[in-house]
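User: I've got a model open and I'd like to talk it through with you. Can we go over the packing and the charged pairs, one question at a time?

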Amino acid sequence: MLDAPFWSEIRKVLFGTHLEHWTSAFLTLVRDSGDTRRILQALVRATLRITPRIGPNAAVDMAQATVRLSRQAGVAAGSAFLSHAPRAAVMLGRDDGFHLWIASILELSSAVPEAVRLVCVRTDTLLTHMGPKGFRAWIAAGLALPDRESRMSFFTLSDDEALQSFEQAGAPVRLEVLERRLKAVSAGLWRVNHVLRPAPVKKALHVPRRVTFNGPVLHLPETFAGFSGEEAEALFTAAVAHVGAHNTYTLEKFQPRSLKPLQIALVSLIEDARVELLAGRQYPGLLRLWRRFHVAGEADGMSGPNLAEPLMARLARALIDPAFRDDNPWIEKARRLFREAGPEYDDPEEIRRIGVLLGNDLGQMRVQFNARTYVVQPAYRDDNMGIWEFGPPPPDMEEESELSVESVRMEQTEDRNDPHDRERNTQDSDAARQAGRARPVAEEEGVAVAKYPEWDNLSGRLRRDWTTVVEHAPRTMPPTIVTRILEKHSTTAQRIERLVRQVKVSRPSRLRRQAEGDRLDLDAAVRVAIDLRSGIAPDPRIFETTTLQHRDLSILVLLDISESTKDTIRGGSVSVFSQERDAVALLAEAMAGVGDPFALHAFCSNGRDEVRYVRIKDFSQSYG
């Protein structure tokens, strides 16, 4: 098998249980490969190179992985794996990254063994571009393809889909790589020895992470999503420089007192601009660095809902970029107030005053602001927690800002003296259970109507045209099923119809020249002033109000009819599907009774290539 000197060298780096496990894998490889000296010598050389660098566990994992690869993909694939394993160990630098690389290769071997050797020989290129996590995501993206031919094209980088995935899987710039450089920047600019820590990842958080700080301790995201290469390095530098400006020029923390979340956000934004302008006087290059990440334009937020975030992003740019032009009156007012105060003004009360005024203006404009989903823009700015004295523990943000736009409300009334309002029959018949087991969609082939993108959690990217929606005709069933449901739940049906009739839903209409109202009708008030000066008796109807005058209600019910709806509800014998069907039958009868338009659609999935969509009833169809 091997000469004595090889065993002597192995015993220098492996001993105890590690040596036993490695030897067991070695002997298994001997039996499987028929004493092929080439692969055995490759295993020994790779072990001697990686063990001193990343430890004996990695050597044992590599040996055991070689056995599996040789069995699944052949001796040539095992040899290619061993030839490039030392390079992977050098590039990854830690045993956890090396283990992840091995796991990815084994996953590939189980599904597409003929691609293992081709991927291994590209180890240097792939890991340089992706890193271990990006490599794992790239492997997962290829394995998700439907057939072997497309998988091989993907892993050999021979088609557009593979090249696009390769580019998107590029490794982002990580904090640990730049840590020493960022500390040097901080010390050189502000004479502050910042302590840099990776920000903790919260799985429940669905918004981009920002830098947070408390004095000299900075918590930065390990990567900035959407930024790579030189742009990501500049973003990290801008973030550390911005926090250093706060440490230098924000001499006193703000007290929230009675401020609302929107006002706190605006005070923070103004303070951000103040410290950046002061820092820019000392280091003009910092302003150029920060301004490159301000991309908000005047067109942002001009259409769609009236939201605070786009306006605030434009204001952030307007306050530090004199060349930026924005004709919005609110932004012009903010610029004027900020200019009059002057960036050297270090009184927190003056900054607070400006923020409160601007917040009140947004409130009058009925601008929506959600404190829970708000993210400071641009990406280099911190979350502003470090400049406020909230005290322990930080207060919970309001569920919704008081400045949210008032939406159309659905009001319903019911007779509390009616005993039927409190009754609900939850029993089901055997026939209903049988219907719940019926096939939910038609057996004939449907028609593909659309393709939609879908987020691939494994590869961490959006796949274009990934799911296909196939429309199927509804399967006809005896109407006696619905008749029995209506008879069985007659009191519930009456209650639902009464509630539907009482719903007050419409588009609000403005009524002018009213004798009473919640606000002045400006046109009528001007008319009154003119009449008074002209000596004419004015019309006293000077108010306006908003009311719901016309019924405007339509409903589309989308039913889940997948296999899982056959399961019974916990603690009973009634299926989820039968409950769905009963509820929809009662609602449809009520909607048809009052004449409101409604549609009933259903969906289920037979894999991503066939998301079945069934139009049971459309708005234009009559209910029967």
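## Salt bridges, cores and a surface patch

Analyst: Asp539 has a relative accessibility of 26%, so it counts as partly exposed. One thing up front: this is a predicted model.

User: Which residue does Asp539 meet in a salt bridge, and at what N to O distance?

Analyst: Partly exposed covers the range between 20% and 50% relative accessible area, and Asp539 falls there at 26%. The partner is partly exposed too, because Arg541 has 39% relative accessibility. The side chains that meet in this salt bridge are those of Asp539 and Arg541, with an N to O distance of 2.9 Å.

User: Which residue pairs with Glu471 in a salt bridge, and how many residues apart are the two?

Analyst: Glu471 sits in strand E5 (residues 461–472), while its partner sits in strand E11. At 25% relative accessibility Glu471 is partly exposed, and Arg615 is partly exposed at 33%. Their side chains meet at 3.2 Å, N to O. The pair links distant parts of the chain: the partner is Arg615, and the separation is 144 residues.

User: Is Asp321 buried or exposed, and what is its relative accessible area?

Analyst: Asp321 forms a salt bridge with Arg317, and the closest N and O atoms are 3.6 Å apart. Buried means under 20% relative accessible area. Asp321 is below that cut-off, so it goes down as buried, at 14%.

User: Which residues are linked in a network of salt bridges, and how many salt bridges does the structure hold?

Analyst: In general, side chains of opposite charge can pair when their charged atoms come close. Here, a network links Arg512, Asp518, Arg519, Asp521, Asp523 and Glu544. For the structure, the salt bridge count is 31.

User: Let's go inside. Which residues touch the most other members of the largest nonpolar core?

Analyst: Nonpolar side chains tend to be buried together in soluble globular proteins. The largest nonpolar core in this model has 71 residues. Within that core, the ones touching the most other members are Trp290, Met312, Leu315 and Leu358.

User: Which helix gives the most to this core?

Analyst: The elements that each give two or more residues include strand E3 (217–220) and several helices, among them H11 (175–190), H12 (229–249), H13 (261–282) and H17 (348–364). The biggest giver supplies 12 residues, and that is H13.

User: Apart from that core, how many residues does another core have?

Analyst: This other core lies apart from the one just described. Its members include Ile105, Leu108, Val116 and Ile139. Its count is 56 residues.

User: Which residues does Met312 contact, leaving aside neighbours within four places in sequence?

Analyst: Met312 is one of the residues that touch the most other members of the largest core. With the sequence neighbours set aside, its contacts are Leu262, Ala265, Leu266, Leu269, Phe369 and Tyr374.

User: Which side chains make polar contacts with His242?

Analyst: His242 is in helix H12 and counts as buried because its relative accessibility is 0%. Not counting residues up to four places away, it touches Asp272, Glu276, Trp290, Tyr380, Arg381 and Asp382. Two of those come up as polar side-chain partners: at 3.2 Å it's Asp272, and at 2.8 Å it's Glu276.

User: How far is the C-alpha atom of Ala602 from that of Tyr613?

Analyst: Ala602 is in strand E10 (residues 598–605), and it counts as buried, since its relative accessibility is 1%. Its contacts beyond four places in sequence include Leu558, Arg612, Tyr613 and Val614. Although Ala602 and Tyr613 are 11 residues apart along the chain, their C-alpha atoms are separated by 5.9 Å.

User: What accessible area does the nonpolar surface patch with Phe619 have?

Analyst: Phe619 is in the segment after strand E11 (611–617), and it is partly exposed because its relative accessible area is 39%. Leu556, Leu558 and Phe603 form the patch along with Phe619. Together they have an accessible area of about 350 Å².

User: And for the protein as a whole, what percentage of residues is buried?

Analyst: The protein has 22 helices and 11 strands, and its accessible surface comes to about 33900 Å². Of its 624 residues, the buried ones make up 42%.

Notes:
Residues numbered from 1 in each chain as written. Predicted model: local features only at pLDDT ≥ 70, side-chain atom pairs only at ≥ 80, totals over all residues. Heavy atoms only, no water. Core = buried A, V, L, I, M, F, W, Y, C linked by side-chain atoms within 4.5 Å. Buried < 20%, exposed > 50% of the residue type's maximum accessible area, 1.4 Å probe, protein only. Helix = DSSP H or I, 4+ residues; strand = E, 2+ residues; numbered from the N terminus. Contact = heavy atoms within 4.5 Å. Polar contact = N/O pair within 3.5 Å; in protein donor to acceptor, adjacent residues only side chain to side chain. Patch = residues over 30% accessible without salt bridge, like charges linked within 9 Å, V, L, I, M, F, W, Y side chains within 5 Å. Areas by Shrake-Rupley, 256 points an atom, 1.4 Å probe, with all protein chains shown as cover. Salt bridge = Lys/Arg side-chain N within 4 Å of Asp/Glu carboxyl O.
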